[in-house]
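Load the model in a viewer and keep a selection box ready. The stops below each give a selection and what is found there.

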Amino acid sequence: MNIIRTSVIATTALLPMVACIAPANQETQAATALVQRLTPQYAARIRFAINPQLKAPTIEGKGRFVHIEAPNVRECIRGYGYYLRRMAKVHFSWNGDNTSGASFVVPTRKISVPEALPFNYAYNYCTLSYTCATWDKKRWERELDLLALNGVNYVLVTSGLEKVWQNFLTELDYPADKIRKFIPNPFYAAWWNMGNLEGEGGPISQTLIESEAELGRFLVSRIRELGMEPVLQGYVGFLPHDFPQAGLNGKLLPQGKWCKYNRPCVLQPTSPAFAGIAKLWYKHLHAVYGTTAKAYGGDLFHEGGRKGGTSLDEAARAVQAAMQQAEPGSKWLIQAWGKNPDAKLLAGTDPNHTIILALQKNLSPKGEMNFDYKGRPYIWCELSNFGGKHGMFGGMSILENLTRRNCGAIGIGMISEGLETTPLFYELVWERMNTEGKIDRVSFLQRYAQARYGSTDKRLHMALHLLADGIYAPNKRREGSLENIMCARPDLSARKVTTWAAPEVYYKPESVEIAAKLYLQAAQSAGSKLTSLPTFRFDLADLCRQVLSDRARVQLNKCRLAYENRDEAAFKKESDRFLQMIEDCAAVLSTSEYFLLHNFTKGAASRGTTAEDKQMMERYARQLISTWRPDISELNDYAHRQFPALLRNYYSPRWSMYFADCLRNLRGEKSKDTEIVRTVTTNNGEKVEHISTRNHKMEQLELGFAKASLPLITAPEGDILKLAEKILNHALE
């Protein structure tokens, strides 16, 4: 490729010229505004033009300017994203940005950007609670810009449904006090919107309800401005579980419990009352957001819902008929998860107005690429993260080979339960959304290293290949990453943290250690050039975290053997080493702002507009990532995070209590506080067993965490290079 380069620093001299540039064309104004927000140093030299005859963007140099021509504003922005990634080497991610290796590039020939798939989709309902509930308007503004740059064109929006439900139920004469009890905190809204629970973390204030509605309107407006489409919540029959049957010309189907929570009941869609109530829903939905939608979400009988003898094909027709009446031509987006959607339900849908979100947690090379939904088009959706927990994971191979020809999907979905982790894997997701054929791993990883670190050091390439071939290469279906047992409820036989996780070690831990040492060597050679980058600091800290996580499994086994041998001195020595590993993990993660609990809780508080709301949001943010529920249940630690403050003030004290109890047992002092709890449950039809230790003092710590006063660091601290040297040069004996 023939190009002309100028340095990023040199282009900043052009900033004063921005005010002198003629006003942007109205059609491309949103693209120009995005450039100004994200890369103001380039704003004076980027030009956009709309050409409806084109199928995909073109990039062309004209004098000192870069001209991007595309069929619409969304494609203009996607074309600019391609320019930044492939030509200017500008890197954006949830875990740091980098322009250290960037340069302004003026191509000397016209470049054709590959076509994107028709439907590239963003967000699981769970994502919007596990990750996005901490995002304020400014954080969302950046997120939507990055989605547009990377080719996403459909975005799920649920902020504002609190106001929709309030208005909807008020018109149905449901009491105001019960409405408030029905509406949950935004950190639990995901499961409310899927029909799994009611009211958790509430009642929330009217101020917060109005604030969420304002945020929702902003999201819908900005999504449209950037040329994307919002996906709003369709009506599938949900009503509060105690909604009165009297006077309702329709059958209410109780849905029972979900993890001890009352589920909303379902108004049978085949009931005479359904069409009128659905019409009322869409009236208030569109009024709150100020618009209709081209796509609506909503699932019937999600995760074990009770059908009550309902004819599924007739129910689907009724749901879709109401949707079409509300917005003719709209699409119904249905999540394929577990045994849903049933073949009978599919039979009742219109193939022309239905899209299936094929959630795929099998990211091994044997994972499914092609699905049969009875002629209904589908989006292939990666599901690599559960609960937003930290851990390296993702299927590199399946994404590299997921072409249009062998996939059959009309698009790719980013639908993990939690985000802001594993930047390598998600960079590949973006690449997949914008690449037609097979992705070459060698060239992809080279581009990734240069963009993320501004470096061509071969040691980084070697490390990335080790990770891609190992920890990012699961050998069978599993529910996300191998979990860090430092975060497990203490037990000497612990193999996992959460109830439904897979405990098997599917990669060679030594490959992660080698990769981490290669990163360290590259940093030592580069001086501060690499460690000054937030992207590199995050990745090196994450590698050290993974190394310590893997070592902790070996160390816990040493603790168990010492205990079984009744060797008190050895047990004390080995358990102290385990606790030191937790401290080492906390120390290394403290070097990156992206691992700080303060930033998570600060984001939660920013969603509130009053002191009371801010306090409530922070409280339920902490509850979600610790006990999940306000008591101890199978959901305990499901959304655990490896924040330093959690490691030091939550996980380490739990292990300390447990080890002290073990020592008392070795001395013949029987504990009165501890018992073994065996949990047997199901995960979409699969039987799962989980064994943990229940300690009553420990539960006081856990249940008090949401309101506890913690010493939180507010900015990164420590020297990542020195800490990495200490960790990586000190293997287990």
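Select Leu-357 and Ile-379: Leu-357 stands opposite Ile-379, which belongs to β18. What you have loaded is a predicted model. Extend the selection to both strands, β17 and β18 (residues 378–382); they run parallel and are joined by 5 bridges.

Now add the strand β16 (residues 331–336), which pairs with β17, again in the parallel sense and over 5 bridges. Ile-334 has Ile-356 of β17 as its bridge partner. In general, the strands of a sheet pair through backbone hydrogen bonds, either parallel or antiparallel.

Keep only β17 (residues 354–360) and colour by accessibility. How many of its 7 residues are buried? The count is 7 of 7. In a regular strand, side chains alternate between the two faces of the sheet. Here both faces are covered: one side carries Thr-354, Ile-356, Ala-358 and Gln-360, the other Ile-355, Leu-357 and Leu-359, and all of these are buried.

From the end of β16, step into the loop between β16 and α12 (343–347), where Pro-341 is placed. The peptide bond that joins Asn-340 and Pro-341 is cis, with omega about -5 degrees. Another cis bond can be selected at Gly-202 to Pro-203, where omega is near -5 degrees. Pro-203 is in the loop between α8 (189–193) and α9 (206–225).

While checking backbone torsions, select Lys-260. Its phi is near 80 degrees, a positive value in a residue other than glycine. Lys-260 sits in the loop between β12 (257–258) and β13 (261–262). Is Lys-260 buried or partly exposed? With a relative accessible area of 46%, Lys-260 is partly exposed. Then select Glu-303, another non-glycine residue with a positive phi, near 45 degrees. Glu-303 belongs to the loop between β15 (295–297) and α11 (312–326), and its relative accessibility of 29% makes it partly exposed.

Next, select β2, β3, β4 and β6. These 4 strands form an open sheet in the order β2-β4-β3-β6, with mixed pairing. Which strands stand at the edges? They are β2 (46–50) and β6 (111–112); each has a single partner strand, so one side of each is left without a neighbour in the sheet. The partner to look at for β2 is β4 (residues 65–70): the two run parallel, joined by 5 bridges. Within that pair, Phe-48 has Ile-68 of β4 as its bridge partner. Add helix α3 (residues 73–88), which packs on this sheet and touches β2, β3 (58–62), β4 and β6. The direction of α3 makes about 145 degrees with that of β2.

Move to helix α26 (residues 720–728). Select Ile-720, Leu-721, Leu-723, Ala-724, Ile-727 and Leu-728, which are buried. Look down the axis of α26: the buried residues fall within an arc of 165 degrees, so they line one face of the helix. To see what covers them, show the helices α18 (509–526), α19 (528–531), α20 (534–564) and α21 (568–589), which are among the covering elements. At the N-terminal end of α26, Asp-719 acts as a cap, with a side-chain oxygen 2.9 Å from the backbone nitrogen of Leu-721.

For the interior, select Tyr-80, Tyr-83, Tyr-123 and Trp-628. These residues have the most contacts inside the largest nonpolar core, which has 254 residues. Helix α20 gives the largest share of this core, 13 residues. In soluble globular proteins, nonpolar side chains tend to be buried together. Zoom in on Tyr-123: beyond its neighbours within four places in sequence, its contacts include Leu-128, Trp-135, Trp-140, Met-414, Ile-415 and Leu-419.

The last stop is Thr-627, in the loop between α23 (611–624) and α24 (644–666). Thr-627 is buried, with a relative accessible area of 4%. What lies 2.7 Å from a polar atom of the Thr-627 side chain? It is the backbone oxygen of Arg-629. Leaving aside neighbours within four places in sequence, select the residues in contact with Thr-627: Ile-632, Leu-635, Asn-636, Asp-637, Tyr-650, Glu-702 and Leu-703.

How values were computed:
Residues are numbered from 1 along each chain as its sequence is written. This is a predicted model: local features need pLDDT of at least 70, side-chain atom pairs count only at pLDDT 80 or more; totals for chains, interfaces and linings use all residues. Side-chain values use heavy atoms; hydrogens and water are left out. Buried means under 20% relative accessible area, exposed over 50%, partly exposed in between (1.4 Å probe, protein chains only). A polar contact is a pair of N or O atoms within 3.5 Å; within protein, one must be able to donate a hydrogen and the other to accept it, and residues adjacent in sequence count only if both atoms are side-chain atoms. Contact means heavy atoms within 4.5 Å. Two strands pair if DSSP finds at least two bridges between them. Axes are lines fitted to C-alpha atoms, for helices over the stretch in contact, and angles run from 0 to 180 degrees between N-to-C directions. The arc is that of the directions from the helix axis to the C-beta atoms. A nonpolar core is a set of buried Ala, Val, Leu, Ile, Met, Phe, Trp, Tyr and Cys residues joined through side-chain atoms within 4.5 Å.
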